[in-house]
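Let's take a walk through this one, starting with some empty space inside and working outward from there. Keep the model open as you read.

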Amino acid sequence: MKLHNFDFSRKIFFHPDNIARYARGERPFPITVEIDLTNKCNHKCAFCFYSEHLSTSRATLDTALVLQRLEEMRGLGTKGISFTGGGEPTLHKDFPLILRGAKRLGFDLGCITNGSNVTEKNHDAYFESLQWIRFSMGGGDPESYRTVQGVDHFDRVLANLLSLCRAKRERGAGLNIGARVLVSTANLASLPGFAELLLEAEGLNYLQLAQDQFTKPGDTFWDDPATQAVFARVEKTLNRAGVRLLASGYVPLQSGLDIPRTCYAHFFQVAITAEGDVVFCKNGRGQEHAYIGNINANTLAEIWAGEKTRELEAKYKPTTCGLYCKNIALNLALEQSLHPAPDMSPNFIS
C-alpha cells in the first residue's frame with residue numbers, strides 16, 4: 001500500500017481572479033488566513049516546533065481587535081479563516097463569540113484543535129459556524145497518546161470526538177469532522193486499534209495520517225513495508241464505516257529545484273500569531289525575520305502595502321528559504337501556470 005498526499009494546490013484554481021490579478025502585476029490579499037487566537041495550551045506535544053515559544057509567551061489576541069481585523073480581511077478579499085495554534089484555540093475565553101462574529105461576516109471557518117475542550121456546551125457554536133474541525137491525536141491508545149501528547153487526555157478527547165459525531169448525526173449537520181495522527185515509532189502500533197475505536201464515530205469524515213515534519217532525507221520509516229502494512233490494516237477497518245484515510249506530508253528539501261522563481265504562497269495564505277504578528281509565510285511562526293507587521297499597531301492594508309512585505313516578496317525563493325515547505329506544490333502549480341515552459345504551447349488544449 002502507498003498513501004498519497006492530498007494535492008491541496010488544486011484549490012488555488014478555484015480563485016482565478018486572484019491568479020489573474022497577480023498576473024497583471026497586482027498584489028491580491030490572501031484567500032486564507034490562519035489565526036492563532038492564543039498561545040495558551042494544555043498539552044505538551046513532543047512534535048510541537050513552537051513549544052519553546054509557548055512556554056515563554058502566553059499571549060492572547062484581544063477579542064475586539066480580532067473582530068475588527070476580520071471585518072477588514074473580508075473587505076480585502078479573504079474568504080477562509082482557520083483557527084489554529086500557536087496554542088489551543090478553544091482555550092480563548094471568547095472562542096464561541098469570535099466564531100459567530102466571523103460567520104456573520106460571511107467567512108468559511110475551520111478549526112484545528114487538540115479536542116480536550118471541545119465539549120457539548122459549545123456544540124451550537126461549532127455547528128452554526130464551522131465548515132470543518134480537525135482533532136489532533138498523539139496516538140491511538142492512552143499510552144502512546146501520553147508519550148506523544150504529554151498528557152493523559154486520550155479518553156477525554158476520544159469521548160469529545162464521539163460526542164461531536166453523535167451530535168452531528170442527531171442534528172443532520174454538514175460539519176466536516178476529521179482526526180489527524182502524526183505517525184511515529186511511538187504510536188504506529190496503536191493505529192489499528194484506534195481505527196476500531198473510530199467505528200463508533202459515525203459521522204467522522206476522515207482520519208489523516210501525517211509524516212513527522214522533522215523527517216530527515218533518507219529516512220525510510222514512512223515508506224517501510226511494515227509501516228505501510230499498518231496503514232493498510234487501518235484503511236481496511238475504516239472502510240467498514242465509510243471513513244476516508246488521508247495522508248499529509250512535507251517536502252523537506254527543495255534546494256535541488258531551479259523553480260519556482262519566487263514564492264507565490266503568501267498571496268493565498270498567511271498567518272497571524274497570538275502576539276498579533278503577521279507572518280509572511282505560515283511556516284515562519286517563531287522566525288521574526290518572516291514577520292511583516294503587527295495588527296496591534298497597523299491595519300492589514302497598511303501591513304500588506306508596507307516595505308517589509310515587499311522586501312520579503314523580492315527576497316523569498318522556495319529554493320533557498322530553508323523551511324520545511326508545505327507550499328512547494330502550490331508554488332510549482334502557479335509557476336507552471338504563470339510561466340509555462342516554451343514547449344508547452346498553452347493555447348492548444350489537447
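## A small void and its neighbours

Sort the residues around the second largest cavity by class and you get seven nonpolar, no polar and one charged. Keep in mind as we go that this is a predicted model. The residues doing the lining are I35, L61, V66, R69, L70, M73, I272 and I295. The space they enclose comes to about 40 Å³, and the count of cavities of 30 Å³ or more is two.

Which helix gives the most to this lining? That's α3, with four residues. So let's follow that helix, which covers residues 63–76, over to a partner, α4, at residues 95–104.

Two packed helices are described by the angle between their axes and the distance between the axes. Here the angle is about 15 degrees, and the axes sit 10 Å apart. Since angles under 35 degrees count as roughly parallel, α3 is therefore roughly parallel to α4. As for handedness, the crossing of α3 and α4 is right-handed.

Now for the residues that touch. From α3 come T63, V66, L67 and L70, and they meet L97, I98, G101 and A102 of α4. By class, this contact has six nonpolar, two polar and no charged residues. Two of these names should ring a bell: V66 and L70 take part in the helix contact, and V66 and L70 also appear in the cavity lining.

One last stop is the loop between β2 (80–84) and α4, where you'll find G86. Most peptide bonds are trans. The bond joining G85 and G86, however, is cis, with omega at about 10 degrees.

Technical notes
Residues numbered from 1 in each chain as written. Predicted model: local features only at pLDDT ≥ 70, side-chain atom pairs only at ≥ 80, totals over all residues. Heavy atoms only, no water. Axes fitted to C-alpha atoms, helices over the stretch in contact; angles between N-to-C directions. Helix = DSSP H or I, 4+ residues; strand = E, 2+ residues; numbered from the N terminus. Parallel < 35°, antiparallel > 145°, perpendicular 65-115°, else oblique. Left-handed = near helix turned anticlockwise from the far one by under 90°. Contact = heavy atoms within 4.5 Å. Nonpolar A, V, L, I, M, F, W, Y, C, P; charged D, E, K, R; others polar. 1 Å grid on protein atoms, 1.4 Å probe; cavity = no way out; pocket = protein on both sides within 12 Å on 5 of 7 lines; lining within 4 Å. Points joined across faces, edges and corners; volume = space filled by probe spheres on them.
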